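Here are my notes for you on this one. Keep the structure open beside you and look up each residue as we get to it.

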Amino acid sequence: AVPDSYALHNNFPNPFNPVAHFDLIIPYGEFVKMTVFDIMGREVAILKNRMMAPGQYKIAWHAIDNFGKSVSSGPYFLVMKYGQKTKVQKLIFLK
């Protein structure tokens, strides 16, 4: 069944260590970009940056930056852009 609305559920667990999981629901094919930013607004990691088909997805972030290095403990923000919509979630990574 194709979902009728998009959703990005809160990550679990939160705080997390070592992996944050997200449930993503997409009602129709659209370009999706999911980016993690640090508290200073710097880009840390890009989790998705592509066209995605309708459906339900499980996304994981292993607290690794775009260069393959482990990030430090602290707050992070996940920004998801789906078509013209944007959703922001706060994550807390504890080592």
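1. Let's start with a spot to look up: where is Pro15 found? Pro15 sits in the loop between β1 (7–8) and β2. Before going on, remember that this is a predicted model. Now check the bond that joins Asn14 to Pro15: the peptide is cis, with omega at about 10°. Then move along to Asn17 and Pro18, which are also joined by a cis peptide bond, with omega at about 5°. Pro18, too, is in the loop between β1 and β2.

2. Next, step back and take in the whole chain. There are seven strands and zero helices, so from the N terminus the order of elements reads β-β-β-β-β-β-β. The radius of gyration is 13 Å, close to the 12 Å that the globule rule gives for 95 residues, so the chain is as compact as a globular protein of that length. The C-alpha trace spans about 40 × 25 × 20 Å along its principal axes.

3. A few totals are handy here. Of the 95 residues, 38% count as buried. The accessible surface comes to about 5,600 Å², and carbon and sulfur atoms hold 56% of that. Take the contacts with a separation of 6 or more: residues 24 or more positions apart account for 52% of them.

4. What about the inside? In soluble globular proteins, nonpolar side chains tend to be buried together. Here, the largest nonpolar core has 23 residues, and Phe22, Leu24, Met34, Leu47 and Trp61 touch the most other members. Strands β2 (20–26), β3 (30–38), β4 (43–52), β5 (55–61), β6 (74–82) and β7 each supply at least two residues of this core. Try clicking on Leu47: beyond its neighbours within four places in sequence, Leu47 is in contact with Phe22, Met34, Val36, Ile59, Trp61 and Leu78.

5. Ile26 is worth a visit as well. This residue is found in strand β2. Is Ile26 buried or exposed? Ile26 has a relative accessible area of 0%, so it is buried. Not counting residues up to four places away in sequence, Ile26 touches Pro3, Val32, Met52, Ala53, Pro54, Gly55, Tyr57 and Tyr82. For a sense of scale, the C-alpha atoms of Ile26 and Lys48 are separated by 13 Å, with the two residues 22 apart along the chain.

6. Now for a polar side chain: Gln89, in strand β7 (residues 85–93). Gln89 has a relative accessible area of 4%, which is under the 20% cut-off, so it counts as buried. What does the side chain of Gln89 reach? At 2.9 Å there is the backbone oxygen of Leu8, and the backbone oxygen of His9 is reached at 3.2 Å. Leaving aside neighbours within four places in sequence, the contacts of Gln89 include Asn10, Asn11, Phe22 and Tyr76.

7. On to charges. Side chains of opposite charge can pair when their charged atoms come close. How many salt bridges does the structure hold? There are two salt bridges. In one, the side chains of Asp23 and Lys58 meet at 3.0 Å, N to O. This pair links distant parts of the chain, with Asp23 in strand β2, Lys58 in strand β5, and their positions 35 residues apart. Lys58 is exposed, at a relative accessible area of 70%.

8. The side chains of Asp38 and Arg42 also meet in a salt bridge, at 2.7 Å, N to O. Look at each partner in turn: Asp38 counts as buried at 13% relative accessibility, whereas Arg42 is exposed at 52%.

9. Finish in the loop between β5 and β6, where you will find Ala63. Ala63 has a positive phi of about 60° although it is not a glycine. With a relative accessible area of 1%, Ala63 is buried. Ser72 has its place in the loop between β5 and β6 too, but Ser72 is partly exposed, at 47%. Leaving aside neighbours within four places in sequence, Ser72 is in contact with Phe93 and Lys95. From C-alpha to C-alpha, Ser72 and Phe93 are 7.7 Å apart, and in sequence they are 21 residues apart.

Definitions and conventions. Residues numbered from 1 in each chain as written. Predicted model: local features only at pLDDT ≥ 70, side-chain atom pairs only at ≥ 80, totals over all residues. Heavy atoms only, no water. Helix = DSSP H or I, 4+ residues; strand = E, 2+ residues; numbered from the N terminus. Buried < 20%, exposed > 50% of the residue type's maximum accessible area, 1.4 Å probe, protein only. Polar contact = N/O pair within 3.5 Å; in protein donor to acceptor, adjacent residues only side chain to side chain. Contact = heavy atoms within 4.5 Å. Core = buried A, V, L, I, M, F, W, Y, C linked by side-chain atoms within 4.5 Å. Salt bridge = Lys/Arg side-chain N within 4 Å of Asp/Glu carboxyl O. Rg over C-alpha atoms; globule rule 2.2 N^0.38 Å. Areas by Shrake-Rupley, 256 points an atom, 1.4 Å probe, with all protein chains shown as cover.
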